[in-house]
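Open the model in your viewer and keep the sequence panel beside it. The tour below goes from one selection to the next and says what is there.

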Amino acid sequence: MLRILIDTDKRLDKSYPLPWKSDATCFNFKAPEMVIYPENIIEKITEPEDVESLVIACDLTDYKFISEMVNLTHLYIYSAENIKDLDFLKNLSKIRQLYLGNINVESLEGLVELIELKDQKYKEIEEVNDLEGRLTYGFEGIYIQSNKYEGDGTELVKPNICRNDIVVNDKRVKTGWFY
């Protein structure tokens, strides 16, 4: 599985802000092992299904290529003023940690659709495998910072799927296992 950093700088030894309250979530962060420059990203990532962790530390013009990374578990986008909607998230059912900083969305709709998909897949798992389902489809953390979104983020709360750190525009929506 690939762990990729997309940046204009080739340094892998960067420090990454991790906004999670839980030390376990921070511990589970999968740091990048290779750097790709922003030019011609699609040609450079020849097998998107092999990408496990993606960190984007520079603005890109398009983020749709991420939707092909069906095995992505960690997505950190630190500066993304060009993100106007979250449709590229809809099918990333294995994602566990999501950090979207400096985006310009008015709605979290694509993320809400992803949460519904994860919940549907979770419910299809036999009760005996409940823990496996939570580990496969549950989020460890969601962090959204949008200049245009004015909601409170409660549409992201879903039992068994979104139960840990959820932060929207610097306000903690939900923390912990209980409601």
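Two strands are said to pair if DSSP finds at least two bridges between them. Helices (H or I, at least four residues) and strands (E, at least two) are themselves DSSP runs, numbered from the N terminus.

This is a predicted model, in which local features need pLDDT of at least 70, side-chain atom pairs count only at pLDDT 80 or more, and totals for chains, interfaces and linings use all residues. Residues are numbered from 1 along each chain as its sequence is written, and side-chain values use heavy atoms, with hydrogens and water left out.

**Stop 1: the whole chain**

Select the protein chain and colour it by secondary structure. There are 4 helices and 8 strands, and along the sequence they follow the pattern β-α-β-α-β-β-β-α-α-β-β-β. Along the principal axes, the C-alpha trace spans about 45 × 35 × 30 Å.

The radius of gyration is taken over C-alpha atoms, and the globule rule is 2.2 Å times the number of residues to the power 0.38. For 179 residues a compact globule would come near 16 Å, and the protein chain agrees with this at 15 Å.

Now show the surface. Accessible areas come from the Shrake-Rupley method with a 1.4 Å probe, and for residues only the protein chains shown count as cover. The protein chain exposes about 9,200 Å², of which carbon and sulfur atoms supply 47%. A residue is called buried under 20% relative accessible area, exposed over 50%, and partly exposed in between. Buried residues account for 48% of the 179 in the protein chain.

Contact means heavy atoms within 4.5 Å. Of the contacts in the protein chain between residues at least 6 apart in sequence, 51% join residues at least 24 apart.

**Stop 2: strand S5**

Select residues 97–103, which form strand S5. How many of the 7 residues of S5 are buried? The count is 6, so the strand is largely enclosed by the rest of the structure.

Add residues 74–77, strand S4, which runs parallel to S5 and is joined to it by 4 bridges. One pair to label is Ile77 with its bridge partner Leu100 in S5.

Within S5, pick Asn102. Most residues other than glycine have a negative phi. Asn102 has a positive phi, near 55°. Its relative accessible area of 35% makes Asn102 partly exposed.

For another positive phi, go to Asn169, where the value is about 50° although the residue is not a glycine. Asn169 sits in the loop between strand S7 (162–168) and strand S8 (171–174).

**Stop 3: strand S6**

Return to S5 and add residues 139–146, strand S6; the two strands run parallel and are joined by 5 bridges. In S6, 8 of the 8 residues are buried, so this strand is largely enclosed by the rest of the structure.

Two pairs can be labelled here. Gln97 stands opposite Gly141 in S6, and Leu98 has Ile142 as its bridge partner.

Centre the view on Gly141, in strand S6. Is Gly141 buried or exposed? Gly141 is buried, with a relative accessible area of 0%. Leaving out residues up to four places away in sequence, Gly141 touches Trp20, Arg96, Gln97, Leu98 and Asp165. For a sense of distance, draw a line to Ile36: the C-alpha atoms of Gly141 and Ile36 are separated by 25 Å, and the two are 105 residues apart along the chain.

**Stop 4: strand S3**

Select residues 51–56, strand S3, and find Glu52 there. Glu52 counts as buried, at 15% relative accessibility. Apart from neighbours within four places in sequence, the contacts of Glu52 include Met1, Leu2, Arg3 and His74.

Ser53 is in strand S3 too. This residue is buried, with a relative accessible area of 1%. Which residues does Ser53 touch, not counting those up to four places away in sequence? They are Leu2, Arg3, Ile4, Lys30, Leu72 and His74. Tyr63 is 10 residues from Ser53 in sequence, and their C-alpha atoms are 15 Å apart.

Key
Buried means under 20% relative accessible area, exposed over 50%, partly exposed in between (1.4 Å probe, protein chains only).
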